[in-house]
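Colleague: Hey, I'm new to this one. Can you pull it up and talk me through it?

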Protein chains: 2
Amino acid sequence: MELALAARLPGADVLPARLHEAMRYSVLGGGKRIRPALVFATAHAVGLTEEDVEAAACAIELVHVYSLVHDDLPAMDDDDLRRGRPTCHKAYDEATAVLVGDALQTLAFQVLARDPALPAAAAIRLRLVELLAEASGTFGMAGGQAIDLAAQGRKLDLVQVEEMHARKTGALIRVSVMMAAACVPALDPRWQHALAGFVNPIGLAFQIQDDLLDVLGDATTLGKATGADSERSKPTHPSVIGIEASQDRVRLLHQQAFDALAPLGPRADLLRSLADWLLARRY
Amino acid sequence: MELALAARLPGADVLPARLHEAMRYSVLGGGKRIRPALVFATAHAVGLTEEDVEAAACAIELVHVYSLVHDDLPAMDDDDLRRGRPTCHKAYDEATAVLVGDALQTLAFQVLARDPALPAAAAIRLRLVELLAEASGTFGMAGGQAIDLAAQGRKLDLVQVEEMHARKTGALIRVSVMMAAACVPALDPRWQHALAGFVNPIGLAFQIQDDLLDVLGDATTLGKATGADSERSKPTHPSVIGIEASQDRVRLLHQQAFDALAPLGPRADLLRSLADWLLARRY
């Protein structure tokens, strides 16, 4: 993924050099690459190679990084540390960070439109553009961030917290699986259904796990400050239903996801291992 | 255009309501709609109806408005007034303005991917995504804004000022014509060439005219503060080559554009009128 992303970013010596350098700093600065891993594991499950979906994985990761760069801005979450390094606006400046996010989003769609590594069929590429736009917009990631900002300091119930998570993090997790599936020209609808049934609970469980780590994790392993959610009075699963009930909910969603995946048999083993790792992770 | 844009924006009562309301405030708050006008005039020249290109015009205008909302942010140009009304971050808040820009960009690509009003051929839609991404990214609009920010308070020569303008404003002006042309399945390459030869000088002349208005215009007619460029020591044509030479350059580019358009004959008369208006405008 590092090489794949690096190859798709403009060189740090190309005009405007500072912007390109800041884009590379933000994208290539580590990160768990969870969404690309989901793309690759899904590709394996539906009989595609990693090469078939590499560009789609890059596009999703570019959107993810753009959202981190903008979410870290002083006007948003005001974070100084990301992946153990200064955030983009700290390492560069705020104006550059705004442009980095903007340009990474554009690059994501550009990759889907013209990257030679993707399946050539225009209909498939266009469907990928549509899926990524839907997952990134106000009914997905950007909308989730808006709900999150509006909710700070207010009380949400469990349904509202889950609606926020479904958009803010869930949409991009979900689309990682669905975009890989969309690279198959005519996927068996039962497989499509099984994959959707898998990734919906995984997306939510992943976010609950993230909230739990913010309460229980330690900053050195995470590479970012902990306790940030409660400091900002962000509504999270642990704050609404408590730590133990949140852990129970992760286990239940985990089981639901595995049940949904049954029709795919052993070809989905990579997806299962990835889900196991995601929900047991400590960072 | 107001109706076409309004129909493509989520309702102000749809969750997240404040974000959707701020998007509608920013997009529907007036504006000259120059880029859509170029799309429609080009459609007329190549034998398409306004309906054929309406969605493309919307996508371009959404990208234009996203760039205005982000450029107005305190970390960027720090403008309080736009189109005679408070800028998005003044009317709402900075975090909302960041998200408004982000979500408008996403919506632009979503419109190209799935708007039923566009030509159905996936290859054409995909080409529109590619063209818009190219014009918006670091080799287009976002890159031009980065060069502009880096240039403030520094001396640029004429070549550098024109390189900045070609990206910052020129790219989106140019793509307005080229996207309309791309909606024709197999456009005569000579027409394609004529349109490119027309819009390149028009894009630059338009920006020089904008810079001239910043020096010579009055704030009431413009709906924004004048003298802002020189206050920020932004390199502009008037500041580099003087007012009179800038006016001469607009006239020369105007003539170049008309010469290039000759092969299209009278079917390009709307484009010619539009160019005349653009380069004579007082706001």
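Modeller: Here's a quick chat about how the chains pair up, some backbone oddities and the core.
Modeller: This is a predicted model, where local features need pLDDT of at least 70, side-chain atom pairs count only at pLDDT 80 or more, and totals for chains, interfaces and linings use all residues. Residues are numbered from 1 along each chain as its sequence is written, while chains are lettered from A and ligands numbered from 1 in the order in which they are written.

Colleague: Ok, what turn lays chain B on chain A?
Modeller: A turn of 180 degrees, with a shift of 0.0 Å along the axis, and the RMSD is 0.0 Å. That's the relation of a two-fold axis. The superposition is by least squares on the C-alpha atoms of residues with pLDDT of at least 70 in both copies.

Colleague: And why do the copies meet through the same surface?
Modeller: Because 100% of the interface residues of chain B are also interface residues in chain A.

Colleague: Switching topic: where's the cis peptide bond in chain A?
Modeller: Between Leu15(A) and Pro16(A), with omega at about -5 degrees. Pro16(A) sits in the loop between α1 (2–8) and α2 (17–27) of chain A. Helices (H or I, at least four residues) and strands (E, at least two) are DSSP runs, numbered from the N terminus.

Colleague: What about chain B?
Modeller: Leu15(B) and Pro16(B) are joined by a cis peptide bond too, with omega about -5 degrees.

Colleague: Which residue in the loop between α2 and α3 (34–46) of chain A should I look at?
Modeller: Try Arg33(A). Arg33(A) isn't a glycine, yet has a positive phi of about 55 degrees.

Colleague: Is Arg33(A) buried, exposed or partly exposed?
Modeller: Partly exposed, because Arg33(A) has 17 C-beta neighbours inside 10 Å. Buried takes 20 or more other C-beta atoms within 10 Å, exposed is 12 or fewer, and partly exposed is in between, with C-beta atoms placed from the backbone.

Colleague: Now the core. How many residues are in the largest nonpolar one?
Modeller: It has 178 residues, and those with the most contacts inside it are Ala56(A), Leu132(A), Ala56(B) and Leu132(B). A nonpolar core here is a set of buried Ala, Val, Leu, Ile, Met, Phe, Trp, Tyr and Cys residues joined through C-beta atoms within 7 Å.

Colleague: What does Leu132(B) touch?
Modeller: Leaving out residues up to four places away in sequence, its contacts include Ala59(B), Ile60(B), Val63(B) and Met179(B). Contact means C-beta atoms, placed from the backbone, within 7 Å.

Conventions
Contact = placed C-beta atoms within 7 Å.
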